Amino acid sequence: MSTIMNNPIYWLRSIRLYFFTLLLCMACSPLSNSEKFNITMESPEGHFSVNIYLKYGLLHYAVLNQSEEVVMGPSSLGIKTDRQDYTTMLRCSKQEHEQDLLENMVLISGKKTNRTAIYHQSKFTFVNSQEREMVLEVRTFQDGFAFRYFIPEHANNWSQVQEESTEFYFPQGGLSWLQPYDQASEWTPAYENIYEEYKMASPSPTQNGWCLPALFDSGNKYFLISESGPFTPYAAMHLAEGSKKELYRLAWPDAMDANGLYDAKPRIQGDITTPWRCITITEDLSTLFSSDLVNLVAPPPVSGDTDWIATGLSSWSWLTDHDSPQDFEKLKPYIDLSARMQWPYALIDANWDNMSNGSIEEVIQYAEERDVGLFLWYNSGGKHNVVTEAPRNLLHDAYARKKEFERLQKWGVKGIKVDFFQSDKKEIMALYLDILKDAMDYHLMVNFHGCTIPRGWARMYPNLITMEAVRGEEVYYFGKNFPQKAPVANCILPFTRNVVGSMDYTPTVFTTFDHPHLTTMGHELALALIFESGVQHMGDSPEMYDALPIQTRELLSELPASWEESRLLQARIGKEVIVARRSGNAWYVAGINGEDFPKTWKLNLGALQKFGAFNFSTDTPSLTGVSVQKIAIQSSNAVRVSAYGGFLGKIELPS
C-alpha cells in the first residue's frame, strides 16, 4: 500500500480520473443521450483499464492495456428476465464512484491467509424503455476486475432470469486451457474432466461448453474468467461453446441436471443479484498463480468463533481399500498412520453407517484416544441424485440436517465430506450455503465433493476447508487415459482450478492401481505442496508411507496446509511448475515436470532464505523410489528431476 500511495504518478492519475469522472457524472443525467455514456475505469496501479459504454442503447465493455489498445472485447453486457429487458434501449441515469477502497482479507486456508488489496468501485444505474432500473457494479483491482448485475424488484414479485448477454471476446485469438463441462448423468456435472490446452474457439469434447475457471492467452496477456458467488438465490454458470470469432458467452446449467428437478433458469423472489463475473488480467504467471480475486469480492465472514477451525493433513483409506470405511479393523491402520505422522485428521468415507467389527462410536473413541480428529462422509441427496452410497437423505432437509449435526458435535467429529451434488441450479447452490451455515453453527468443517468450483464461499464461511471439482488421484482406478494426461494437467491446475480456491486432489499416491502412473514418486511427493488444500488428504496406504525414507516421512509429517505466503518460482503451463510456500519462518519448495525428459532446474533459493541448507526428496536414478538430498543454499542451486519427475523439500535455517 505504501508503495502505491507514495508514487506521484499514482496521485496524478487519481486526480485526472477524479475530474474525468466528475465531468462524466455531469454529462450523464437522466436527460442525456445514451450515446454520451462512455467511461474508462483504471485499475489501481494503471496496468489496465475497463471501458464501459453505450452504443445504440446496447451496453458494452472492453479491456485496454497501458497503451490504450483493446486486448479484450468489445463484449456485450446486460440481463433479461421474464418481466424486464435490460439488454437493449438502455440509458444511464446515475453513477457512483469510489476510489482507493481498502480490502483486508483474512482466510484460514489458502495460498496467502492475509491479504490487503486496493480497488476502485463504480455503480452505474441504467434505465430501460419501461423506465425500470438495472445496476451494474464494477470493481477494478491491481490484477483484474469483477462486475455483477443488480435488479431491484418488489419483495413479492417473482422473476425468472431468461438470459445474460455477458460476453468475453478475445480479438487476437490465441490459446486457452479449459475443462470441458459435463453432460448430465448419474454422476455429473462434477467439474471432474481434465484441463487441457485448446486453440480459442475450439469445440468442447462434451459438446456442452466449458467449466469455469477458464484461462485464455491472447498473446500478450493472460485472462482467467471465473465466478464469485452466488451468495443470494441464483444459478451458477459456465461458458457456452466458443464461436468462430473467439467469443464466449455464459450458459445456464443443463435442464437435466439434478435428475431434471428445478428450473435451469433461476426463478427469484424480490431483488435479483447475480454472482460476480471475475476476470484476472496479467502478463505473468506469478500474478495469475497468486490471484485471489474470487475471494476479494466475496462477502466478509459470518460472525462467530473460528478457533475450532484448523488446517492440516489427513489419512484417507477409501482410495486403497474401497470397503475400509465400513470395517473398524481396516480403519485402525489409517487412524494409526495419522497418529504416527502427527497428521491431525483421518477421513472415514462412504457407508460408515454400516460398520462391521465394531461401531462408528468405537471408531470415534479409537481416534480420540490417539488425538486424531475425524471427518465423516455424507451423500448430499435428496431427490437430486440417485447415488445409493450412505448416509443419505440427511443433509438436504433442514430439520434432519441440524439433528445430524447436533449428533456429530456431541461425538466430537471435526468435519464432514459431502458428495454428489450433480447440479449448478439455484436450489443446489442454496443447499451448499445452507449446509455451510448449519455446519458453522455446530462447529463442523466442510469438504465438498462431486461439487461445483470454489466461489468465494470459503471467505464467507471459513469452515469450508476444501472442495474437489478436479480430476484427481482416484481416476487412476477408472480413467484409461488419465496416466498419460495427468503430468501435463498437473502443470495446468495451479493456473486454473487451484487459483480460485482449495483443491482436494487427494495427492501423493504411489500405489499402482488399474492404470499405472507415469509420474514418479518425486512428482507425487511434490503435489502435496504444489496443490493448495486446507485439508490435504493423503490417499495412499500406511505401508507405502512407512516405506519412505525417514527424512521424507518427517517432511510429510510436518508439512503445513495453510500458508502465509506462496510464490511461483518458475513455470511453463503444462510443462513445469516450481512453487515455494511459507509457514512461519519455514519455506517449503516443490517442483513437478510435466514433460517426458529429465531436467536440471537452477533455483535461486537465496531469494527465499540467504543461509541454511535445502533438504529435499526427489527421484532415484532407477525411478523406483525416493532419493534424499541436501545442498547448501547458494545464489543458484541445481535440482535434477526425471521425466515426469519432481521434488519436495524444506529450507533448513542455520542453527
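Where does D143 lie? D143 is in the loop between β9 and β10 (144–151). Before I go on: this is a predicted model, in which local features need pLDDT of at least 70 and side-chain atom pairs count only at pLDDT 80 or more, while totals for chains, interfaces and linings use all residues. Residues are numbered from 1 along each chain as its sequence is written, and side-chain values use heavy atoms, with hydrogens and water left out.

Helices (H or I, at least four residues) and strands (E, at least two) are DSSP runs, numbered from the N terminus. Buried means under 20% relative accessible area, exposed over 50%, and partly exposed in between, with a 1.4 Å probe and protein chains only.

Back to D143. Its relative accessibility is 13%, so D143 counts as buried. Leaving aside residues up to four places away in sequence, D143 touches F48, I279, T280, I281, T287, S291 and D292; contact means heavy atoms within 4.5 Å. The C-alpha atoms of D143 and F170 are separated by 18 Å, with the two positions 27 residues apart along the chain counted as their spacing.

D143 also belongs to the largest pocket, which has a volume of about 780 Å³. Of the 31 lining residues, R115, Q142, D143, T287 and S290 are the closest to the centre of that pocket. Two or more lining residues come from each of β8 (114–127), β21 (276–282), α3 (285–290) and β29 (565–572). By class, this lining has 12 nonpolar, 10 polar and nine charged residues.

The terms, once. On a 1 Å grid over the protein atoms alone, a cavity is a set of points where a 1.4 Å probe fits but cannot get out; a pocket is an open set with protein on both sides within 12 Å along at least five of seven lines, and lining residues have an atom within 4 Å of a point. Ala, Val, Leu, Ile, Met, Phe, Trp, Tyr, Cys and Pro count as nonpolar, Asp, Glu, Lys and Arg as charged, and the others, Gly among them, as polar.

Next, β8. In this strand 11 of 14 residues are buried. Strand β7 (residues 91–106) runs antiparallel to β8, with 13 bridges joining them; two strands pair if DSSP finds at least two bridges between them. F124 in β8 is the bridge partner of Q95. Strand β9 (residues 133–141) is also antiparallel to β8, through eight bridges, and there V138 stands opposite S122. β8 and β9 form a hairpin with five residues between them, and E131 in the turn has a positive phi of about 65 degrees.

On to the second largest pocket, with about 580 Å³ of space. It is lined by 25 residues, and W187, W318, F420, E474 and F478 lie nearest its centre. β25 (415–419) and α10 (475–478) each give two or more residues to this lining. The division here is nine nonpolar, seven polar and nine charged.

Last, the enclosed space. The structure holds six cavities of 30 Å³ or more, and the largest has about 190 Å³. Its lining has 21 residues, with N295, A458, V500, G501 and S502 closest to the centre. The largest share of that lining, four residues, is from β27.

Definitions and conventions. Grid points are joined across faces, edges and corners, and a volume is the space filled by probe spheres set on the points.
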